[in-house]
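Welcome! Here is a friendly walk through one structure, taken a few features at a time. Please have a look at it first, and then read on.

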Amino acid sequence: MTKGTVTGTGRALRGALAGLVAAAVALGVAELVAAITGPLSSPVIAVGGTAIDLTPAPVKDFAVAHFGSDDKAALETGILVLLAIFAAVIGTLAALWLAAGLAGLAVFGAIGVSAAVTRPAAGPAAALPAVIGVAVAATALTVLIKAARGSRRENPAGASEVARPDRRRFLAAAGMAAAAAVVAGGAGDLLLRRFSAAAARSQVRLPRAAVQAPPTPVGADLKIPGVSSFFTPDTSFYRVDTDLVVPQVSPEQWTLHITGMVDHEVELTFAELLKLPLIEHDMTLVCVSNEVGGPYAGNARWLGASLPALLRRAGMRRGADQVLSASTDGMTISTPVATIMDGRQALIAVGMNGQPLPLEHGFPARMVVPGLYGYVSATKWVTRLEVTTFARQRAYWTQRGYAAEAPIKTESRIDVPRPLARFPAGPVAVAGVAWAPHRGISAVEVCVDGGPWHVARLAAADGTDTWRQWTWAWSAAPGLHTLQVRATDGTGATQTPQRAGVLPNGATGRDSVVVTVT
Ligand SMILES: Nc1nc2c(c(=O)[nH]1)N[C@H]1C(S)=C(S)[C@@H](COP(=O)(O)O)O[C@H]1N2
Ligand SMILES: [Mo]
């Protein structure tokens with residue numbers, strides 16, 4: 001190896017390191033500035049949010065199916081990895097030609113700025129974190145590259161020596177810049193906590209329901225180990241939304257605005273909402289992205305104001321067939337007027353399982369409508385209801401290929417035994433949950449190895465809007481076995497064996513598990 005290549009490699013490496021440190025400075029400073037301008041203006045969050053909105057529905061479904069509730073962590077990691085590669089390239093380039101490196105940094109800043117200012121509810125100040133972050137990073141990059149190049153020293157005879165990189169000076173500068181990035185980022189994170197709505201939530205006292213839910217029937221929960229509990233605790237309730245950071249909505253500032261095809265617009269504060277007669281209702285919420293056998297379903301006791309009553313109060317006009325609800329995060333959700341008004345308990349909910357809504361489930365208020373998938377009914381952090389028509393307006397997921405109308409399909413899931421379980425021959429409880437919200441479940445059957453269908457025992461029904469646990473006692477003989485389940489809803493329709501993916505209106509097919517009996 002010649003000395004030239006060693007120096008060249010060393011220079012490239014120092015350049016790459018300078019680029020990485022400059023990127024860290026950009027992010028750290030941006031985080032600190034975002035502590036003033038708001039969490040959504042942080043460039044990684046803004047770029048991530050834009051990426052989510054631009055992601056085609058099948059890729060989103062892949063992410064939900066494979067990363068589950070970690071899909072957001074996976075996206076953020078992906079963005080940071082891409083950013084690191086980009087930063088190393090910019091730094092290497094800067095080591096050769098500083099202006100080109102700085103231009104690269106400007107491109108990276110421009111991506112951050114354009115993502116931040118185009119996010120829903122972003123003001124012009126949203127550009128500041130990326131702009132200031134990149135400006136400081138440009139200074140850091142210039143200093144580091146100069147340090148990496150070293151200085152030409154004049155020797156006593158007056159002839160200049162060849163530029164000699166001063167490795168110690170470079171590493172010291174890089175270390176200092178990296179430390180400053182960490183301090184700025186850490187301080188930004190701490191300061192960003194002031195945006196949290198957690199303290200406001202802890203102050204909320206929910207009033208007693210004017211219409212209480214009937215007592216949950218004894219035996220609604222069979223308490224079989226491994227089977228989803230009848231009520232899903234808030235902490236394990238699935239979460240699906242497009243938000244990288246949970247929207248923080250202050251109940252003092254929150255209002256619900258009812259507009260569009262109405263005789264008189266209504267604007268309601270949170271205090272006014274709590275004064276309305278509140279209804280308590282048990283219902284199971286399901287995500288359209290739930291694959292057969294998947295986890296994106298949960299059951300809760302909701303507390304909220306009657307949505308039909310609010311629409312009547314606004315004087316909904318004839319000819320309207322859609323309520324387009326919108327949230328602080330830019331989500332829009334379309335729900336058929338006919339469904340909302342047909343007598344089911346459609347609510348503007350403020351409580352979930354006896355507590356104010358958790359922040360990630362829509363605090364201070366969200367919509368819930370029994371029987372419809374979440375993306376057409378369950379607007380979290382809802383602030384606006386526009387009475388309109390399907391002909392005129394399309395909602396977020398409808399624009400991305402999902403169906404405009406989407407009642408929840410009848411499904412049943414085997415919770416135990418687990419897939420690929422091994423256990424000794426003898427009596428075994430096969431059990432799980434089945435749902436057909438608003439139609440109810442009338443039967444669940446299990447079959448072993450494609451044989452006859454056996455009727456399972458159903459847990460007591462808590463209305464028709466909730467799921468039902470079921471169990472079947474199997475005398476398991478040794479061997480490899482496939483268990484399958486199917487449910488029949490309250491209208492007498494049995495779940496189709498036909499497999500379909502989640503697009504455009506929910507998956508179909510039967511859940512099955514393969515087990516080994518020894
Ligand atoms: N504001 C907002 N509301 C939203 C969403 C969202 O992305 N943003 N996702 C919807 C979808 S697809 C589902 S399935 C439910 C999930 O509600 P959960 O997270 O409380 O379980 O919220 C719905 N409401
Ligand atoms: Mo969903």
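## A first residue and its partner

Let us begin with Arg 384, which is partly exposed at a relative accessibility of 32%. The side chain of Arg 384 meets that of Glu 386 in a salt bridge, with 3.6 Å from N to O. Glu 386 itself counts as buried, at 18% relative accessibility. Because the limit for buried is under 20%, Glu 386 with its 18% falls on the buried side, while Arg 384 with its 32% does not.

Please keep in mind as you read that this is a predicted model.

## Other salt bridges

How many salt bridges does a search of the whole structure find? The search gives 11. One of them joins Arg 344 to Asp 342, and the closest N and O atoms of this pair are 2.8 Å apart. Here Arg 344 is the buried partner, with 13% relative accessibility, whereas Asp 342 is partly exposed, with a relative accessible area of 44%.

Another salt bridge brings together the side chains of Arg 239 and Asp 241, at 2.8 Å from N to O. Arg 239 is partly exposed at 22%, and Asp 241 is buried at 14%. These two residues also belong to a network of salt bridges that links them with Lys 72 and Lys 380. Lys 380 will come up again when we turn to the ligand.

## Around the ligand

Which residues come nearest to ligand 1? There are 20 residues around ligand 1, and the nearest are Tyr 238, Asp 329, His 361, Arg 366 and Lys 380.

Some of these contacts can be followed atom by atom. For Lys 380, an N or O atom in the side chain is 2.5 Å from an oxygen atom of ligand 1. Tyr 238 takes part through its backbone: a polar atom there is 2.7 Å from an oxygen atom of the ligand. With Asp 329, the ligand atom is a nitrogen, and a polar side-chain atom of the residue lies 2.9 Å from it.

## Aromatic rings

The structure holds 12 aromatic pairs. One of them is formed by Phe 86 and Phe 108, an edge-to-face pair with 6.3 Å from centre to centre and 65° between the planes. Phe 86 belongs to helix α4 (residues 71-96) and Phe 108 to helix α5 (residues 98-118), so this pair ties together parts that are 22 residues apart in sequence. Phe 86 is partly exposed, with a relative accessible area of 32%, but Phe 108 is buried, at 14%. Turning to Trp 254 and Phe 270, their ring centres are 6.0 Å apart and their planes stand at 90°, so this pair is edge-to-face. Trp 254 sits in the loop between α8 (198-203) and β1 (255-260), and Phe 270 in helix α9 (residues 270-275), so the pair connects parts 16 residues apart in sequence. Trp 254 is buried at 2% relative accessibility, and Phe 270 is buried at 5%.

Some rings gather in a group: Phe 237, Tyr 238, Tyr 296 and Trp 302 form one aromatic cluster. Tyr 238 is also among the residues that come nearest to ligand 1. Elsewhere, a charged residue meets a ring, with Arg 400 lying over the face of Tyr 396 at 3.7 Å from the ring centre.

## A covered strand

Is strand β3 mostly covered or mostly open, and where does it run? It spans residues 278-286 and is mostly covered, with 9 of its 9 residues buried. Both faces are covered: on one side are Leu 278, Glu 280, Asp 282, Thr 284 and Val 286, and on the other are Ile 279, His 281, Met 283 and Leu 285.

The antiparallel pairing of β3 with strand β4 (residues 297-306) runs over 9 bridges. Within this pairing, His 281 stands opposite Trp 302 in β4. Trp 302 is also a member of the aromatic cluster described above.

## An open sheet

In which order do the 4 strands of the open sheet lie? The order is β11-β13-β17-β16, with antiparallel pairing. At the edges are β11 (411-416) and β16 (457-458), each of which pairs on one side only.

Strands β13 (residues 426-435) and β17 (residues 468-476) pair in the antiparallel sense over 9 bridges. If you would like a place to look, find Val 433, which stands opposite Gln 469 in β17.

Conventions:
Residues are numbered from 1 along each chain as its sequence is written. Chains are lettered from A and ligands numbered from 1 in the order in which they are written. This is a predicted model: local features need pLDDT of at least 70, side-chain atom pairs count only at pLDDT 80 or more; totals for chains, interfaces and linings use all residues. Side-chain values use heavy atoms; hydrogens and water are left out. A salt bridge is a side-chain nitrogen of Lys or Arg within 4 Å of a carboxyl oxygen of Asp or Glu. Buried means under 20% relative accessible area, exposed over 50%, partly exposed in between (1.4 Å probe, protein chains only). Two strands pair if DSSP finds at least two bridges between them. Helices (H or I, at least four residues) and strands (E, at least two) are DSSP runs, numbered from the N terminus. Rings of Phe, Tyr and Trp (its six-membered ring) pair if their centres lie within 6.5 Å; planes under 30 degrees apart count as stacked, over 60 as edge-to-face and the rest as tilted. A charge sits over a ring if NZ of Lys or CZ of Arg is within 6 Å of the ring centre and within 35 degrees of the ring normal. A residue is near a molecule or strand if one of its heavy atoms lies within 4 Å of it. A polar contact is a pair of N or O atoms within 3.5 Å; within protein, one must be able to donate a hydrogen and the other to accept it, and residues adjacent in sequence count only if both atoms are side-chain atoms.
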